[in-house]
Amino acid sequence: MTNKTLITILIVSLILFNAYLLVTNISNKNESTEYENFDQTITDYILEYQGISDYMLQNDGFSLDSIAVVDLENNSIDFNQLLKNHGNNILVCRTSQYNCESCNDYAIQKLVVLCKENPEIQVVLLGYYDSIRSMRIVRDNHNLPSNMHYYQLLDYSLPIEAAGVPYYFAVDNSLEVEDLFVPNKAYPKLTDHYIEMILQKRFT
């Protein structure tokens with residue numbers, strides 16, 4: 001393992017652990033076991049994703065200013081207008097027909113629950129599928145609530161695209177990718193803590 005990879009893993013670990021501390025605000029020493037368990041979860045997650053950890057660190061600040069998407073009625077919309085349409089502060093979920101289906105389902109369904117419990121939050125799904133019809137099937141299968149909005153986005157140059165996994169990120173008026181995270185159904189607590197962090201940081 002190279003020094004660069006070790007440094008990358010340490011950085012990602014610190015980011016995730018600090019996010020956990022931010023959300024839970026645990027100060028009771030009797031809860032040290034929970035710290036240890038979560039620390040092991042982070043370690044397992046990092047080891048599984050060490051092959052794409054570089055991608056995860058290369059995305060913050062990526063500009064979406066020149067990106068255009070297509071809605072389910074086949075209308076083209078630039079990302080700036082999309083953001084204005086949905087409140088200038090959104091959480092994005094990127095999925096693709098080339099990802100494992102259960103990975104996509106997990107990533108989407110976690111946000112379906114979030115949106116139903118928090119109707120003030122706006123979530124945008126960016127799909128890479130061979131047709132709008134395929135996307136409509138995904139939309140209907142997940143029974144998306146009204147505050148989840150589905151768009152088609154084909155190739156774009158965000159580095160994490162090369163990893164072939166669904167991912168989340170936040171975006172606001174800066175039109176820059178922030179707080180990127182790869183949900184994994186094997187580590188549901190990490191996904192839950194990421195969502196809680198986003199709620200506190202961006203929607204409170």
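Two strands pair if DSSP finds at least two bridges between them. The exercises below apply this to a predicted model.

**Exercise 1.** Find how many bridges link β4 and β5, and in which sense the two strands pair.

Solution. Step 1: locate the strands; β4 covers residues 123-128 and β5 covers residues 148-152. Step 2: count the bridges, of which there are five, and read the sense, which is parallel. Step 3: check one position; the residue opposite Val124 is His149 in β5. Step 4: look at what covers this part of the sheet. Helix α6 (residues 132-142) packs there and touches β1 (68-71), β4 and β5. The direction of α6 makes about 160° with that of β5.

**Exercise 2.** Give the order of the strands in the sheet and state which strands stand at the edges.

Solution. Step 1: the open sheet has seven strands, ordered β2-β1-β5-β4-β3-β6-β7, with mixed pairing. Step 2: β2 (76-78) and β7 each have a single partner strand, so they stand at the edges and one side of each has no neighbour in the sheet. Step 3: from one strand to the next, the twist averages 35°.

**Exercise 3.** Describe how β6 is joined to β7.

Solution. Step 1: β6 (residues 167-172) and β7 (residues 178-181) run antiparallel and are joined by two bridges. Step 2: one residue to inspect is Tyr168, whose bridge partner in β7 is Phe181. Step 3: the two strands form a hairpin, with five residues between them. Leu175, in the turn, has a positive phi of about 60°. Step 4: helix α7 lies across β3 (89-96), β6 and β7, and runs at about 165° to β7.

**Exercise 4.** Work out which class the angle between α5 and α7 falls in, and what makes their contact.

Solution. Step 1: two packed helices are described by the angle between their axes and the distance between the axes. Step 2: for α5 (residues 101-117) and α7 (residues 188-202) the angle is about 45° and the axes are 12 Å apart. Step 3: roughly parallel needs an angle under 35 degrees, and roughly perpendicular needs 65 to 115. The two helices are therefore oblique to each other. Their crossing is right-handed. Step 4: α5 contributes Tyr106, Lys110, Leu111 and Leu114 to the contact, and α7 contributes Pro188, Thr191, Asp192, Ile195 and Leu199. These residues divide into six nonpolar, one polar and two charged.

**Exercise 5.** Identify the residue with which Lys110 forms a salt bridge.

Solution. Step 1: a salt bridge needs a Lys or Arg side-chain nitrogen within 4 Å of a carboxyl oxygen of Asp or Glu. The count by this rule is seven. Step 2: Lys110 pairs with Asp192, and their closest N and O atoms are 2.6 Å apart. Step 3: Lys110 is in helix α5 and Asp192 in helix α7, 82 residues apart, and the pair links distant parts of the chain.

Terms used
Residues are numbered from 1 along each chain as its sequence is written. This is a predicted model: local features need pLDDT of at least 70, side-chain atom pairs count only at pLDDT 80 or more; totals for chains, interfaces and linings use all residues. Side-chain values use heavy atoms; hydrogens and water are left out. Helices (H or I, at least four residues) and strands (E, at least two) are DSSP runs, numbered from the N terminus. Axes are lines fitted to C-alpha atoms, for helices over the stretch in contact, and angles run from 0 to 180 degrees between N-to-C directions. Angles under 35 degrees count as roughly parallel, over 145 as roughly antiparallel, 65 to 115 as roughly perpendicular and the rest as oblique. A crossing is left-handed if the near helix is turned anticlockwise from the far one by less than a right angle, and right-handed if clockwise. Contact means heavy atoms within 4.5 Å. Ala, Val, Leu, Ile, Met, Phe, Trp, Tyr, Cys and Pro count as nonpolar, Asp, Glu, Lys and Arg as charged, and the others, Gly among them, as polar.
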